[in-house]
Amino acid sequence: MKLEKEIPYKIYLSEDELPRYWYNVRADMKNKPAPLLNAATGKPMTAEELGQVFCDELVAQELNDTDRDILIPTEIRDFYKMYRPAPLTRAYCLEEKLGTPAKIYYKFEGNNTSGSHKLNSAIAQAYYAKKQGLKGVTTETGAGQWGTALSMACAYLGLDCKVFMVKCSYEQKPFRREVMRTYGASVTPSPSMETAVGRKILAEHPGTSGSLGCAISEAVEVASKDPAYRYVLGSVLNQVGLHQSIIGLEAKAAMDKYGIKPDIIIGCAGGGSNLIGLIAPFMGEKLRGEADYRFIAVEPVTCPSFTRGRFAYDYCDTGAICPLAKMYTLGSSFIPAATHAGGLRFHGMSPVLSQLYHDGLMEAMAVEQTRVFEAAEMFARCEGTLPAPESSHAIYAAMQEALKCKETGEEKVILFGLTGTGYFDMYAYEKFHNGDMVDYAPADEELEAAFARLPKID
């Protein structure tokens with residue numbers, strides 16, 4: 001293996017180079033994301049209304065469309081130092097395996113016990129809950145990374161943590177569930193009989209494997225009934241994308257150290273937290289006319305919010321108790337098939353990403369899970385890290401772009417987000433290796449039925 005001496009395998013930033021501010025990409029967007037709406041009145045949600053569900057400081061961040069830089073509190077930055085800055089890695093072995101002239105880099109976010117990027121926002125949200133004097137928080141989790149991250153953050157700060165875990169993941173990933181319980185969280189498979197909305201969903205969809213939309217509804221219901229609790233969300237919301245911007249800020253700083261400029265930036269897309277976090281500072285340059293990049297969002301064909309969804313106001317949860325968000329959506333009543341990339345099984349997409357996609361500033365593609373696992377296996381054999389199924393969507397797309405460079409001879413620089421590890425996903429890998437994994441795409445009729453139930457907003 002020939003190593004280019006001027007660029008190491010891994011580029012690290014020092015502790016002192018850890019970003020001191022989150023970057024708010026909305027400040028540079030000409031077309032701002034549409035506001036959250038109160039479903040009862042059809043009017044934009046006020047800070048007071050949002051404060052009944054979310055922590056006060058997080059509400060302020062959610063509504064902030066003007067301030068580009070948001071200071072990271074010292075307590076959060078000190079926690080970050082336990083596992084950050086995260087490395088930027090050159091995929092030399094993968095490049096050689098593909099025989100491509102492309103230069104491939106990935107930002108690895110799995111170097112913490114939660115195994116993913118989710119801890120970046122979990123500690124921030126838990127910190128603001130603690131600062132507000134709350135007893136605890138409620139949340140949902142799909143594949144389990146967010147629930148694990150939040151349980152870690154709550155344990156660190158002495159907060160109670162109630163997690164509703166998508167039922168198919170609860171059953172497929174018992175060890176992820178036990179990590180959450182180790183950190184003191186209560187974990188309930190969703191939909192459950194513990195909430196009114198859970199019982200309603202089970203009555204309408206007996207035997208359902210659940211979805212993030214279902215779990216969100218249950219977590220919100222529990223939080224709304226106890227003033228000592230607030231609901232926190234691991235993706236979709238503006239505040240979450242803000243916290244995750246540390247990913248892209250570090251990646252850009254590491255590349256700037258060596259004069260590297262990516263041509264293509266790729267991330268997997270479920271609710272959008274890791275994708276917006278990775279692309280944020282680069283997108284900011286594009287929005288300000290300082291540079292140009294190509295951005296690609298990669299989603300599963302089982303839950304194709306971007307590629308087959310509608311840009312419309314919709315509920316963020318299946319139970320229709322959350323505010324309405326304007327986003328690319330498959331309809332809150334749509335429950336996707338039980339794909340192994342549980343973290344990508346959300347019917348909608350971040351309003352920020354949705355607006356950027358609608359404005360033609362980024363692309364999207366959908367991939368079958370068997371292709372995703374083929375890419376994951378090759379990556380593991382080349383680069384030594386077992387990737388999460390969610391992250392492997394980005395790996396697949398990066399490999400495809402690298403192979404295009406092989407055909408054209410172009411030496412493009414590709415950056416993708418390796419959002420987490422797959423060591424709790426061995427059930428999925430077993431299905432793939434045994435040839436039992438199947439691909440499924442929703443029929444047009446399924447989507448049309450969900451679209452028909454979208455809220456009627458003028």
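What is the mean pLDDT of the protein, and what share of its residues reach 70 or more? In this predicted model, the mean pLDDT is 93, and 97% of the residues reach 70 or more. A stretch of low confidence is found at residues 1-5, where pLDDT stays under 50 and for which the model has 10 contacts beyond four places in sequence.

Seven strands are assembled into an open sheet with mixed pairing, in the order 1-4-5-15-10-11-14. Its edges are formed by strand 1 (10-11) and strand 14 (363-367), each of which pairs on one side only. Helix 15 (residues 369-383) packs on this sheet, where it touches strand 4, strand 5, strand 14 and strand 15, and the direction of the helix makes about 95° with that of strand 14. Strand 14 is paired in the parallel sense with strand 11 (residues 294-300) over five bridges, and within this pairing Glu363 of strand 14 is the bridge partner of Ile296.

Within the same order of strands, strand 5 stands between strand 4 and strand 15. Strand 4 (residues 88-90) and strand 5 run antiparallel and are joined by three bridges, with Tyr105 of strand 5 serving as the bridge partner of Arg90. The pairing of strand 5 with strand 15 (residues 413-418), by contrast, is parallel and extends over six bridges; here Phe416 of strand 15 is the bridge partner of Tyr106. Six of the six residues of strand 5 (residues 103-108) are buried, so this strand is largely enclosed by the rest of the structure. The burial applies to both faces of strand 5, since Lys103, Tyr105 and Lys107 on one side are buried, as are Ile104, Tyr106 and Phe108 on the other.

Helix 15 also packs against helix 16 (residues 389-408), at an angle of about 85° and with the two axes 8 Å apart. Angles of 65 to 115 degrees count as roughly perpendicular, and helix 15 and helix 16 are therefore roughly perpendicular to each other. To this contact helix 15 contributes Arg371, Val372, Phe373, Ala375, Ala376, Met378 and Phe379, while helix 16 contributes Pro389, Ser392, His393, Ile395, Tyr396 and Met399.

A further open sheet consists of four strands in the order 8-7-6-9, with parallel pairing. Strand 8 and strand 9 are its edge strands, each pairing on one side only, and neighbouring strands of this sheet are turned by 20° against each other on average, direction ignored. Strand 6 (residues 136-141) and strand 7 (residues 160-166) run parallel and are joined by six bridges, and Val137 stands opposite Cys161 in strand 7. Helix 10 (residues 212-224) lies across strand 6, strand 7, strand 8 and strand 9, and runs at about 165° to strand 6.

Several backbone features were identified in the helices and loops. In helix 12 (residues 273-287), a kink of about 55° lies at Ala280, shortly before the proline Pro281. Of the 15 residues of helix 12, 13 are buried, so the helix is largely enclosed by the rest of the structure. Helix 12 is followed by Gly289, whose phi is positive, near 75°.

Most residues other than glycine have a negative phi, and most peptide bonds are trans. Val236, although not a glycine, has a positive phi of about 70°; this residue lies in the loop between strand 9 (229-231) and helix 11 (238-257) and is buried, with a relative accessible area of 6%. Cis peptide bonds occur from Arg84 to Pro85, with omega near 0°, and from Ser190 to Pro191, with omega near 5°. Pro85 is placed in the loop between helix 3 (74-80) and strand 4, whereas Pro191 lies in the loop between strand 8 (186-190) and helix 9 (196-204).

Leu50, found in helix 1 (residues 47-50), is buried, with a relative accessible area of 1%. When its neighbours within four places in sequence are left aside, Leu50 is in contact with Leu36, Met45, Val59, Leu63 and Pro323. The C-alpha atoms of Leu50 and Gln172, which are 122 residues apart along the chain, are separated by 34 Å.

Methods
Residues are numbered from 1 along each chain as its sequence is written. This is a predicted model: local features need pLDDT of at least 70, side-chain atom pairs count only at pLDDT 80 or more; totals for chains, interfaces and linings use all residues. Side-chain values use heavy atoms; hydrogens and water are left out. The bend at a residue is the angle between axes fitted to the seven residues ending there and the seven starting there. Helices (H or I, at least four residues) and strands (E, at least two) are DSSP runs, numbered from the N terminus. Buried means under 20% relative accessible area, exposed over 50%, partly exposed in between (1.4 Å probe, protein chains only). Two strands pair if DSSP finds at least two bridges between them. pLDDT is the predictor's confidence in each residue, from 0 to 100. Contact means heavy atoms within 4.5 Å. Axes are lines fitted to C-alpha atoms, for helices over the stretch in contact, and angles run from 0 to 180 degrees between N-to-C directions. Angles under 35 degrees count as roughly parallel, over 145 as roughly antiparallel, 65 to 115 as roughly perpendicular and the rest as oblique.
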